[in-house]
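Here are my notes on the model you sent. They are set out as numbered points, starting with confidence and moving on to individual residues.

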Amino acid sequence: NQAQANQLSDKQATEETVLFPNPVSNQTLNIKPGSQLSGVNSIRIFNALGALVYEERIANRDAGLYSIELPVLPAGVYFARIKTSSTEVVKKFNISR
């Protein structure tokens with residue numbers, strides 16, 4: 001059924017999407033979307049309390065790698081929300097200073 005197919009593709013997109021380095025120590029977070037995530041629209045970063053701390057609308061939607069500079073964020077746990085027109089992936093990462 002279609003709902004199960006969507007759940008499988010969402011799970012695959014989440015598993016294939018890679019954030020590195022993790023932990024981030026040099027101020028740059030690299031995001032490599034999985035094959036299911038073509039056409040990335042936006043990347044949002046949330047802190048552990050759920051507050052939005054960074055947002056970027058993506059112009060080059062089909063890039064294979066996105067690099068985000070995060071120089072002002074303190075050490076801690078964060079979540080990257082990568083959104084396309086059809087799905088959304090949330091990945092956890094850490095910043096160490």
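**Notes on the model**

1. Confidence. This is a predicted model, with a mean pLDDT of 84 for the protein and 80% of its residues at 70 or more. Confidence varies by element: helix α1 (residues 2-16) has the lowest mean pLDDT, 61, whereas strand β4 (residues 52-57) has the highest, 94. Local features are reported only where pLDDT is at least 70.

2. Overall make-up. The protein contains 1 helix and 7 strands, and along the sequence their order is α-β-β-β-β-β-β-β. Of its 97 residues, 34% are buried. Among contacts with a separation of 6 or more, 52% are between residues 24 or more positions apart. The exposed area of the protein is about 5,700 Å², and 49% of it comes from carbon and sulfur atoms.

3. N30. Is this residue in strand β2 buried or exposed? N30 has 12% relative accessibility, so it counts as buried; the cut-off for buried is under 20%. Strand β2 covers residues 28-32. The side chain of N30 makes a polar contact of 2.6 Å with the side chain of S67. Apart from neighbours within four places in sequence, the residues in contact with N30 are V18, L19, F20, P21, L65, Y66 and S67.

4. The patch beside N30's contacts. Which residues form a nonpolar patch on the surface? They are V18, F20 and L65, and together they have about 240 Å² of accessible area. These three names also appear among the contacts of N30. V18 belongs to strand β1, residues 18-20. Its relative accessibility is 39%, and V18 therefore counts as partly exposed.

5. Cis peptide bonds. Two bonds deserve a look when the backbone is checked. The bond from F20 to P21 is cis, with omega near -10 degrees, and P21 sits in the loop between β1 and β2. P21 is also one of the residues in contact with N30. The bond joining N22 and P23 is cis as well, with omega about 15 degrees; P23 is found in the loop between β1 and β2. For context, most peptide bonds are trans.

6. Q27. A further backbone point concerns the loop between β1 and β2, where Q27 is placed. Phi of Q27 is near 80 degrees, a positive value in a residue that is not glycine. Most residues other than glycine have a negative phi. Q27 counts as partly exposed because its relative accessibility is 35%.

7. F46. This residue lies in strand β3, which covers residues 40-47. At 13% relative accessibility F46 falls under the 20% cut-off, which means that it counts as buried. How far apart are F46 and R81 in sequence and in space? They are separated by 35 residues in sequence, while their C-alpha atoms are 7.9 Å apart. R81 is also in contact with F46, as are A51, L52, V53, Y78 and F79, with neighbours within four places in sequence left aside.

8. Points to carry forward. The loop between β1 and β2 holds P21, P23 and Q27. N30 and F46 both count as buried, and N30 has the polar side-chain contact with S67. Readings of helix α1 should be set beside its mean pLDDT of 61.

Definitions and conventions
Residues are numbered from 1 along each chain as its sequence is written. Side-chain values use heavy atoms; hydrogens and water are left out. Helices (H or I, at least four residues) and strands (E, at least two) are DSSP runs, numbered from the N terminus. Buried means under 20% relative accessible area, exposed over 50%, partly exposed in between (1.4 Å probe, protein chains only). A polar contact is a pair of N or O atoms within 3.5 Å; within protein, one must be able to donate a hydrogen and the other to accept it, and residues adjacent in sequence count only if both atoms are side-chain atoms. Contact means heavy atoms within 4.5 Å. pLDDT is the predictor's confidence in each residue, from 0 to 100. Patches are made of residues with over 30% relative accessible area and no salt bridge: like charges are joined within 9 Å, nonpolar side chains (Val, Leu, Ile, Met, Phe, Trp, Tyr) within 5 Å. Accessible areas come from the Shrake-Rupley method with a 1.4 Å probe; for residues, only the protein chains shown count as cover. A salt bridge is a side-chain nitrogen of Lys or Arg within 4 Å of a carboxyl oxygen of Asp or Glu.
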